Structures are given as structure tokens and as C-alpha cells.
Protein chains: 2
Amino acid sequence: MHNDLIAALDIGGTKIAGALVDADGAILLRAQRPTPAREDAETVMRAVEAVLGELTASPLWPGASAVGIGSAGPVDASTGTVSPVNVPGWRGFPLVDRVRAAAAGLPAELVGDGVAMTAAEHWIGAARGYGDALCMVVSTGVGGGLVLGGRLHPGPTGNAGHIGHMTVELDGDRCPCGGRGCVERIASGPNIARRALDNGWRPGPDGDTSAAAVAASAAAGDPVAAASFERAAQALAAAIAGVAALVEIRIAVIGGGVAGAGDVLFIPLRKALHDYAALSFTQNLVVAPARTGTDAGLLGAAAAVRSAPGPRAPGR
Amino acid sequence: MHNDLIAALDIGGTKIAGALVDADGAILLRAQRPTPAREDAETVMRAVEAVLGELTASPLWPGASAVGIGSAGPVDASTGTVSPVNVPGWRGFPLVDRVRAAAAGLPAELVGDGVAMTAAEHWIGAARGYGDALCMVVSTGVGGGLVLGGRLHPGPTGNAGHIGHMTVELDGDRCPCGGRGCVERIASGPNIARRALDNGWRPGPDGDTSAAAVAASAAAGDPVAAASFERAAQALAAAIAGVAALVEIRIAVIGGGVAGAGDVLFIPLRKALHDYAALSFTQNLVVAPARTGTDAGLLGAAAAVRSAPGPRAPGR
């Protein structure tokens, strides 16, 4: 009998995933629906309720003591609301109250998706055992989260760790966030692909112009493709070095599709870190690929509940 | 009878200041020596001992329960050692042990000077009452510190808050720290003056080419002088916005000589913040001048002891 389960929700612009997660990070039950991202608020919520309904209908459900919610941002953990950029129907949507209502009144904890991924990596991934860590997702966007002094640092509204919107080019391009010269504008997958194309890289016969295709070209020796990854690595390194100078971290964990490029990203990233992280306490930073993979959101939502202050989570 | 005093030391490249500070932040006794910054390690330490000697000789001394040390960085609070850039004789110098020996074995807490200033502003300055704050000193260098979740965040080695060495220009100038495009290279007083001179600004009859002289010209309507402050403000705003995105802060407090320029700095800084801090949780950041002035180092060293975890500090 499992009596130390957490119900986890991972809410993104493409899919809504749910799971029952045990105290060791094993996923005992899964449910999933596509996100009706262009529909009205109630239609999106019905998809969440359908996922939760599969969980609550399980004979395992009585073992669940809380719900952890990781959501695309921005979120506001202080009010329990979310306003995901890619789900326009939800603006200040009271997700925590609605999830509690659909989950028999269990307590619920909300964090942004970058914070959730960080909680997962700190719990059972590459940041395990580190008291001070930055974890990042480099994918369609660039997000992240922090562990400081041994604890997750979600910040007052659950949005801390937005490394993708730190400025590394003072006079750089406008970013869709409204800022300028953001890391994401240089290092995200679409921007890696855009820069390669702008500089003359051409896709193979399959016409694939994704960052993964650019990575494959770079691995095969294409200098334009490699240069685009090097520029991304430079932006990531400058931001990671800045984070280390600001809060002191010992490790930077990088996941997401772009990290799947492996050496094409990690070799120039480690090299660039030498160039930007030169203070005594920022040198010798460990850079490691993430380990929790596509389940990071679910595992992290569960981990965020377990690490939250307050009485709600057993087994901490 | 005062029985809740902290002995405070503020160790910089120019002077070594000491004080006995009460629980309300009143300075009851002061001592000071010039820093023999170019001398050997023991000569520098003798100046510290002379300052401490004046404190221990006071009839107030029995009321002191701990020593707070704020030092020019880098420091290493984890080993109790300091390696101030401007005091080459001290490299890995065991300052905490030596101070304890000179202070009758009282416990001692070490933090970097940016962290100390932050502790002072959070205790009795402009950041008082804020749970999440960035405090900065913009002067010959640019330093700072963080308050997160209501507590000072010194980081494992006491160096957290080094905002001056966050990169805001990916392809920018080399910084003496070894990095590139650092905030300090754009926003420090000497760099404000250098840029104004490079762009054709000329000092008055007194030949004063300090940042304060540039500020006076800017206030009098000189466009080149104003533009140099605007560029500094832009770099500071980008860095502050990045800090807000990364850890969530509600206020940025700015002290140091360059902040003395007042509107010449603060008006373009608030304007530039609109340009860089566009996320829902980074908008509406308060920007305020520091209040603790030249005593920030001493008050902050005392405050850092009072806010430190562990059994050493009474009156917390």
C-alpha cells in the first residue's frame, strides 16, 4: 500500500500530463491530454480535469496527500494563478483553486516549469547532493531554476530562475518578452536555427531546419552550423557566469532539446565559461547534462511539493 | 549597561574602520587606521589589531558578544580567509582566526563588503521591510548583495551579490576580473569619466575629471556628460532586470559615490528599467537610493552577525 504519493501535473502549451509519484520518484500512474491551447479558459480547464479524473479514479489515489503543479509561465504562486504565454485563454486563471476542487480538496503547490525541472534534477538528477545549483532547459525557450542553500528557490511568485530573460547584449535585439538582448534570443533552438540559416547554412534533402538538424550538421563538420551553436554557448556561458557571480552556484545542469546536441553545445560552453567566469568563487563550475528527461516536469512538480515549506507534504 | 553589542570591522583598500554597534544600529565607539595596502600581510594585520585594540580597551567591550567583519573581496567565509584585490599582501589570509585571537576569542562572522552594505540597508536602510532585495554600491567598483526570502544571502563563501561582474555585453571589453562586458566596465565611476572624456567632454578650470565632475556637467546640461551617465544607467538597469528575472526582487537600492549624482543617474535608470524589465514579476520594481551612507560597512558587518544562522548572535 502506497500512502506517500504525490499527484503531479505538468501543464504546457502542447500537453497536460499527470502522474502519481512515489517517495522514490517512481511514476506509478500516468494520464495525458493535448492542451487545447487556443480555446477558452474553461475548455483548457476541462482537459486538466480529465487528467486529474484519471488519477482520482485509480485505486492508488487514496495514497495521495497533495498535488504538485508545474506550469508554463508566468505563474503567480502567491495568488495561485497562471497566465501561460502559450495559453492565451488563461490570464490570471485561478488554477490552484480549480485543481484543489477537482482533487478532493487536497493541498496544492504551484511552481513555474523551470522551477519544477530544477526540483526534479535536485531530487533525483544531476544536481542531487548540490546545495547551490542552477538548472536550465534550453529548448523552444530558455528557462531555469535555482537551488540555494540546499533548498529550491522558487521566489515569492514561483518564477525565479528565468535565466532566458537575462540580458547579455545591452544593445541586442528586442525579445518577445519586451526586454532586449535576452539569452533566449541567442540560445534557444529556433534562434540557433535562424542564425545558421541567416549565415548560409542549408538543410539536407529532408528540409529539416530544426536546431537538431543544425546540430547534426555541426557534428558532421559544417562550420556555419558549429558557429551558431558556439554563439548560443557563449550567451549561455555569460549568463551562467553571471548567475554564479550573483548567487554562488557549484553546478549548472542543462536539459531540453538543445542540450541533446551534446558535445556540439557542451564543448564550446565549457570553453566560453573560462572566458566569462573568472572570479575565484565562480571558477571550476561543474556543467552537466540533465538526467530526468521528459519526465522532469512531472517529477519536479512532485518534488516541489516535497520541498515546500509548510505542513502539507509528508515524507520530506 | 550595554550587553548586546557587536564589534564591527570594515576592511577596505583605503581604511580599516572598527566600531561597537548596539542592537538599534547606534555606533557607540569608533576606531580607524589607514590600510597599509602595499605592505606585507603582518603589517596589514597589525593595523586591524590596532583598531580592535581600541575597541577591546573600552569599558563598553564586555558588552560585545561577537565580531562582524565586512571585507573587500574576494572573501571566503567557508574558510575564514580573505584575498582583497587591493591588498596584495593578503592572499588566502586567515582573517577570521586572527581577529578572534585579537578579540578575546569572541565568535566572528565574515562577509564581503557588498553583502555587508546589503545587511545594513536591510536592517535600518532603504531595504528595511523588504523580503527580497538587491542592494548595490556603485563607486570605484560596482558591488552588491541580496536579501532573499527575508534573509541575507551571502552564499557559501560570502561573495554572493557580485552584480558588477555580471556580463551585459557579450562582446564587450575585457574586465580586470578576467571576464568580459561586465557591468562594472560600463557603470563604475572611473568608467563613466573615461567614456565622457573619450566622447569629448572636458573638465572645468579645476581639472576635475571624476565621475562627480561629469555628474555636475550633466546636471548643468552637458549632453556628452549626460550620455555617459545614461549608458551607465542602461547597464545597471539591464543587470537589475536580470537579477529580478533570476531571483525575484521587489526593490533595488543603490548607494556609493556614483549614486550621489541623484537624478542624473536615477532618472535614466528608471527609464531604462522599463526597457529591460518587462516580465510580469519584474515590472514595478522599486529603485531607491541607499540610506546608510559611509557607515554602511560597519553597520552591515554588525547586521550580518545578527542575521547569521547559528547560536552566536544574541538579539536576533
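In the predicted model, Ala19(A) stands opposite Arg30(A), a residue of strand β3(A). Strand β2 of chain A, which covers residues 15-21, runs antiparallel to β3(A) and is joined to that strand by 7 bridges. Both strands belong to an open sheet of 5 strands in chain A, arranged in the order β3-β2-β1-β4-β7 with mixed pairing. At the edges of this sheet stand β3 (27-34) and β7 (108-112) of chain A, and because each has a single partner strand, one side of each is left without a neighbour in the sheet. On average, and with direction ignored, neighbouring strands of the sheet are turned by 15° against each other. Helix α3 of chain A, formed by residues 113-124, lies across β4 (64-71) and β7 of the same chain, and runs at about 105° to β7(A).

The contact between the two chains takes 40 residues from chain A and 40 residues from chain B. On the side of chain A that touches chain B, at least two residues each are supplied by β9 (142-148), α7 (223-247) and α8 (263-276) of chain A, and α7(A) gives the most, with 9 residues. By character, the residues of this side of chain A divide into 21 nonpolar, 14 polar and 5 charged.

A turn of 180° and a shift of 0.0 Å along the axis lay chain A on chain B with an RMSD of 0.0 Å; the two copies are thus related as by a two-fold rotation axis. Of the interface residues of chain A, 100% are also interface residues in chain B, so the copies meet through the same surface.

How values were computed
Residues are numbered from 1 along each chain as its sequence is written. Chains are lettered from A and ligands numbered from 1 in the order in which they are written. This is a predicted model: local features need pLDDT of at least 70, side-chain atom pairs count only at pLDDT 80 or more; totals for chains, interfaces and linings use all residues. Two residues are in contact if their C-beta atoms, placed from the backbone, lie within 7 Å. Helices (H or I, at least four residues) and strands (E, at least two) are DSSP runs, numbered from the N terminus. Ala, Val, Leu, Ile, Met, Phe, Trp, Tyr, Cys and Pro count as nonpolar, Asp, Glu, Lys and Arg as charged, and the others, Gly among them, as polar. Copies are superposed by least squares on the C-alpha atoms of residues with pLDDT of at least 70 in both. Two strands pair if DSSP finds at least two bridges between them. Axes are lines fitted to C-alpha atoms, for helices over the stretch in contact, and angles run from 0 to 180 degrees between N-to-C directions.
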